[in-house]
Amino acid sequence: MWYHRLSHLQSRLQDLLRGRVTHWALQQSNFKSLFPLAIHWHHTASKSLNCVWQQHEDHFELQYANNVMRFDYVWLRDHCRSASCYNSKTHQRSLDTASVDLCIQPKTIHLDETTLFFTWPDGHVTRYDLDWLVKNSYEGQKQKVIQPRILWNAEIYQQAQVPAVDFQTFLETKEGLKNFLQNFLLYGIAFVENVPPTQKHTEKVAERISLISQRWRSSIQSAKTRPGADCGSDHELLIAKFRLKLKKVGKTTRPFRETIYGRMWFFTSDFSRGDTAYTNLALDRHTDTTYFQEPCGIQVFHCLKHEGTGGRTLLVDGFYAAEQVLQKAPEEFELLSKVPLKHEYIENVGECQNHMIGVGPVLNTYPWNKELYLIRYNNYDRAVINTVPYDVVHRWYTAHRTLTRELRRPENEFWVKLKPGKVLFIDNWRVLHGRESFTGYRQLCGCYLTRDDVLNTARLLGLQA
């Protein structure tokens with residue numbers, strides 16, 4: 001008798017978990033006696049909506065849009081978007097997170113169409129759209145790519161026939177700027193052509209990439225509205241308090257990232273700085289400023305003059321090479337993303353006295369979705385390896401050799417001759433650059449750009465970045 005009762009109840013429970021039962025009174029006394037910690041499933045099914053949710057003691061579980069998501073109750077209270085908890089005008093949290101009880105649980109939960117309502121012990125109600133929860137859940141973010149990219153070797157890039165953007169179109173139209181940024185985000189490199197070969201015009205091109213420098217910025221301390229005098233209209237009087245700090249300024253430095261090399265750099269092979277770049281020697285593939293705690297994000301090159309031979313620029317998609325390592329030797333990819341290394345720049349040339357140290361792994365990935373976002377590769381500036389024990393060191397050298405082998409494959413090398421009038425933008429977090437040796441007089445100018453400003457411009461133009 002007992003066996004048959006138990007089998008019947010287990011069969012009913014399995015039907016419920018499979019979604020065959022839309023409502024079942026789990027509160028039946030015989031069920032409670034068998035399972036003291038009863039599972040409370042709530043199932044809503046329709047042609048357009050299939051949502052199942054369950055309230056656990058320490059978290060909320062939601063099955064919706066082919067996703068199984070779990071939310072901590074403190075998280076659900078902390079992310080409330082009600083007017084008292086979140087300022088929708090400034091997109092900032094108003095709720096004091098430290099005031100939320102760490103043992104909080106909702107008093108009631110119910111679903112209305114596509115909105116979940118959580119009522120908390122103090123009576124406050126939090127509303128969440130189901131699609132918002134999917135988008136912002138950990139499980140949803142694990143499946144999402146932060147920045148779409150097209151990984152390439154020389155053949156892939158050449159076959160793509162990515163067009164350069166004309167100088168005037170780039171400067172004068174949003175479409176030209178957007179096309180340029182789209183190419184840059186996808187491939188990590190982009191060109192602007194027909195640029196007058198001067199430092200001034202190169203600077204103008206660099207400035208165009210940031211919309212921030214074109215906006216007036218202020219601080220609004222308070223703002224109130226009062227009903228207008230026009231009867232029957234929606235006009236309102238706005239009373240605002242501004243806090244402004246006025247000062248005399250020269251030219252804005254945005255979007256440039258001013259470094260020890262200055263705002264804009266202009267150089268030849270005169271060894272005026274303590275860096276191999278200021279010679280006519282060949283340079284192996286590398287990323288710049290690995291000795292900064294945050295390497296510079298975007299690099300700009302413009303060859304203003306070259307009276308000689310050689311000097312082609314080498315470009316290698318570091319993410320393409322890293323992807324090959326991930327496919328062939330995932331444990332080595334993992335090691336390269338975990339072992340912290342020091343990179344160092346020591347300069348003692350004339351008045352230039354610098355000692356920079358940056359620390360970080362060769363490969364940098366987001367921990368939740370394992371997406372690679374930065375490669376820090378520069379054999380010239382890598383310092384003494386003293387951050388890991390000897391047995392890890394040898395495995396690191398093996399992994400580094402695997403990555404180097406991929407980076408040095410001839411089919412992964414894209415060579416381009418920089419000529420006056422063609423400005424090259426490089427994603428220094430992704431694409432490695434180098435050059436072959438050259439003869440004669442060669443003038444280059446360029447700069448580093450603030451990565452956040454460039455990505456901000458891209459997002460304002462509707463691009464995913």
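Which residues are buried in helix α9 (residues 199–208)? In this predicted model, the buried residues of that helix are Thr202, Glu203, Val205, Ala206 and Arg208. They pack against several other elements, namely the helices α7 (167–172) and α8 together with the strands β11 (189–193), β16 (298–307), β23 (423–427) and β25 (441–449).

These surroundings lead on to the nonpolar interior. In soluble globular proteins, nonpolar side chains tend to be buried together. The largest nonpolar core here has 30 residues, and those with the most contacts inside it are Phe170, Phe180, Leu181, Val192, Phe425 and Leu449. At least two residues of this core come from each of α7, α8, β11, α9, β16, β23, β25 and α13, while α8 gives the most, with 5 residues. Phenylalanine 170 can serve as a point of entry: leaving aside its neighbours within four places in sequence, Phe170 is in contact with Val165, Gly176, Leu177, Phe180, Val192, Val205 and Arg208. Apart from the largest core lies another core, of 25 residues, among them Trp152, Val162, Leu186 and Phe292.

Helix α8 also has a partner to follow. The axes of α8 (residues 174–187) and α13 (residues 451–460) come within 10 Å and cross at roughly 120°, and because of this angle α8 counts as oblique to α13. The crossing is left-handed, and the contact is made by Leu177, Leu181 and Leu185 on the side of α8 and by Val454, Leu455, Thr457 and Ala458 on the side of α13. Sorted by class, this contact has 6 nonpolar residues, 1 polar residue and no charged residues.

A second pair of helices can be read in the same manner. The axes of α10 (residues 318–328) and α12 (residues 390–407) come within 9 Å and cross at roughly 130°, so α10 is oblique to α12 as well, and α10 passes α12 in a right-handed crossing. In this contact Gly318, Ala321, Ala322, Gln324, Val325 and Lys328 of α10 meet Thr402, Leu403, Glu406 and Leu407 of α12; by class, there are 5 nonpolar, 3 polar and 2 charged residues.

A last stop is cysteine 51, which is found in strand β2 (residues 50–55). Cysteine 51 counts as buried because its relative accessibility is 0%. The C-alpha atoms of cysteine 51 and threonine 114 are separated by 9.0 Å, although these two residues are 63 residues apart along the chain.

Technical notes:
Residues are numbered from 1 along each chain as its sequence is written. This is a predicted model: local features need pLDDT of at least 70, side-chain atom pairs count only at pLDDT 80 or more; totals for chains, interfaces and linings use all residues. Side-chain values use heavy atoms; hydrogens and water are left out. Axes are lines fitted to C-alpha atoms, for helices over the stretch in contact, and angles run from 0 to 180 degrees between N-to-C directions. Helices (H or I, at least four residues) and strands (E, at least two) are DSSP runs, numbered from the N terminus. Angles under 35 degrees count as roughly parallel, over 145 as roughly antiparallel, 65 to 115 as roughly perpendicular and the rest as oblique. A crossing is left-handed if the near helix is turned anticlockwise from the far one by less than a right angle, and right-handed if clockwise. Contact means heavy atoms within 4.5 Å. Ala, Val, Leu, Ile, Met, Phe, Trp, Tyr, Cys and Pro count as nonpolar, Asp, Glu, Lys and Arg as charged, and the others, Gly among them, as polar. Buried means under 20% relative accessible area, exposed over 50%, partly exposed in between (1.4 Å probe, protein chains only). A nonpolar core is a set of buried Ala, Val, Leu, Ile, Met, Phe, Trp, Tyr and Cys residues joined through side-chain atoms within 4.5 Å.
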